[in-house]
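Let's take a friendly walk through a protein fold together. Have the picture ready to turn as you read, and follow along one piece at a time.

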Amino acid sequence: MKIEITSKIIDITPAIRERIESRFEKLERLQVPLITPHVIISKERLTYIVEATAGIPNGKLFAQAEHEDLYAAITDLGQKLERQLNRHTEKPLARRATAAGKDIPQTEPDEADA
C-alpha cells in the first residue's frame, strides 16, 4: 500500500516511515481496503501532531493524535483509526442485533377461537 506522508517541520526518516507503515499494515488485517491514505506530521512547540485521512468503501476515516513523542503519537493515531474501522465493520451486525432484540407484539387469541 502506498501511504503519502507529508511534513513541513521535520524530515521523514526511514524509521518514521516504517512505523507509520506498520500501523497501517495492522489496519489492513481488518479486511477493509484503505483508499489513498495520507498522513500529515506537524509540530507545535514541544508537541507533535499527527493527522491521518483514508477513504474506505462507503465512508472516510480521519484521526488526529498529539503527544510529546512522535512515535507515541503515531501509535495513538493507529489505535484511533483501528477503533473507527472496527466500528465501521461491526455496524451491520449491530443494526441486526438491535432489530432482532425488539419485541414483536404478539396477538392474543380471540375468545371466539378458543
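**A walk through the fold**

Let's begin at threonine 75, which sits in helix 2, the stretch of residues 70–101. The model you are looking at is a predicted one. From helix 2, the side chain of threonine 75 makes a polar contact with the side chain of arginine 19, at 3.1 Å. If we set aside the neighbours within four places in sequence, threonine 75 is in contact with Arg19 and Arg23. Arginine 19 falls within helix 1, which covers residues 14–28.

Now step back to the whole chain. How many helices and strands does its secondary structure come to? The count is two helices and four strands. Reading from the N terminus on, these elements run β-α-β-β-β-α.

The four strands form an open sheet, in which they are ordered 1-2-3-4 and the pairing is mixed. Which strands stand at the edges? They are strand 1 and strand 4 (59–67), and each has a single partner strand, so one side of each is left without a neighbour in the sheet. Between neighbouring strands of this sheet, the average turn is 15°, with direction ignored.

What does "mixed" look like here? It helps to know that strands of a sheet pair through backbone hydrogen bonds, either parallel or antiparallel. Go through the sheet pair by pair. Strand 1 (residues 4–7) and strand 2 (residues 35–44) are paired in the parallel sense, over four bridges. In this pairing, glutamate 4 has histidine 38 in strand 2 as its bridge partner. To get from strand 1 to strand 2, the chain passes through helix 1, and this β-α-β crossover is left-handed. Another place to look is threonine 6, which stands opposite isoleucine 40 in strand 2.

Next come the antiparallel pairs. Strand 2 and strand 3 run antiparallel and are joined by eight bridges. Here isoleucine 35 has its bridge partner, glycine 55, in strand 3. Strand 3 (residues 47–56) also runs antiparallel to strand 4, and nine bridges join these two. For glutamate 51, the bridge partner in strand 4 is glutamine 64. Helix 1 packs on the sheet, where it touches strand 1, strand 2 and strand 3. The direction of helix 1 makes about 135° with that of strand 2.

The loops between the strands deserve a look too. Keep one rule of thumb in mind: most residues other than glycine have a negative phi, and most peptide bonds are trans. With that in hand, find arginine 45 in the loop between strand 2 and strand 3. Its phi is positive, about 55°, although arginine 45 is not a glycine. The hairpin of strand 2 and strand 3 has two residues between the strands. Is arginine 45 buried or exposed? Its relative accessible area is 80%, and the cut-off for exposed is over 50%, so arginine 45 counts as exposed.

A second such residue is asparagine 58, in the loop between strand 3 and strand 4. Asparagine 58 is not a glycine either, and its phi has a positive value near 65°. With 81% relative accessibility, asparagine 58 counts as exposed.

For a contrast, go back to helix 2 and find leucine 81. Why does leucine 81 count as buried? Its relative accessibility is 2%, and buried means under 20%, so leucine 81 meets the cut-off. Not counting residues up to four places away in sequence, leucine 81 touches Phe24, Leu27, Ala52, Leu61, Phe62 and Ala63. Take phenylalanine 24 from that list: it is 57 residues away from leucine 81 along the chain, yet their C-alpha atoms are separated by 9.0 Å.

Finally, some totals for the chain. Of its 114 residues, 27% count as buried. Among the contacts with a separation of 6 or more, 42% come from residues 24 or more positions apart. The accessible surface of the chain is about 8,400 Å², and carbon and sulfur atoms account for 49% of that surface.

Conventions:
Residues numbered from 1 in each chain as written. Predicted model: local features only at pLDDT ≥ 70, side-chain atom pairs only at ≥ 80, totals over all residues. Heavy atoms only, no water. Pairing = 2+ DSSP bridges. Right-handed = clockwise from strand over helix to strand, strands pointing away. Buried < 20%, exposed > 50% of the residue type's maximum accessible area, 1.4 Å probe, protein only. Contact = heavy atoms within 4.5 Å. Areas by Shrake-Rupley, 256 points an atom, 1.4 Å probe, with all protein chains shown as cover. Polar contact = N/O pair within 3.5 Å; in protein donor to acceptor, adjacent residues only side chain to side chain. Axes fitted to C-alpha atoms, helices over the stretch in contact; angles between N-to-C directions.
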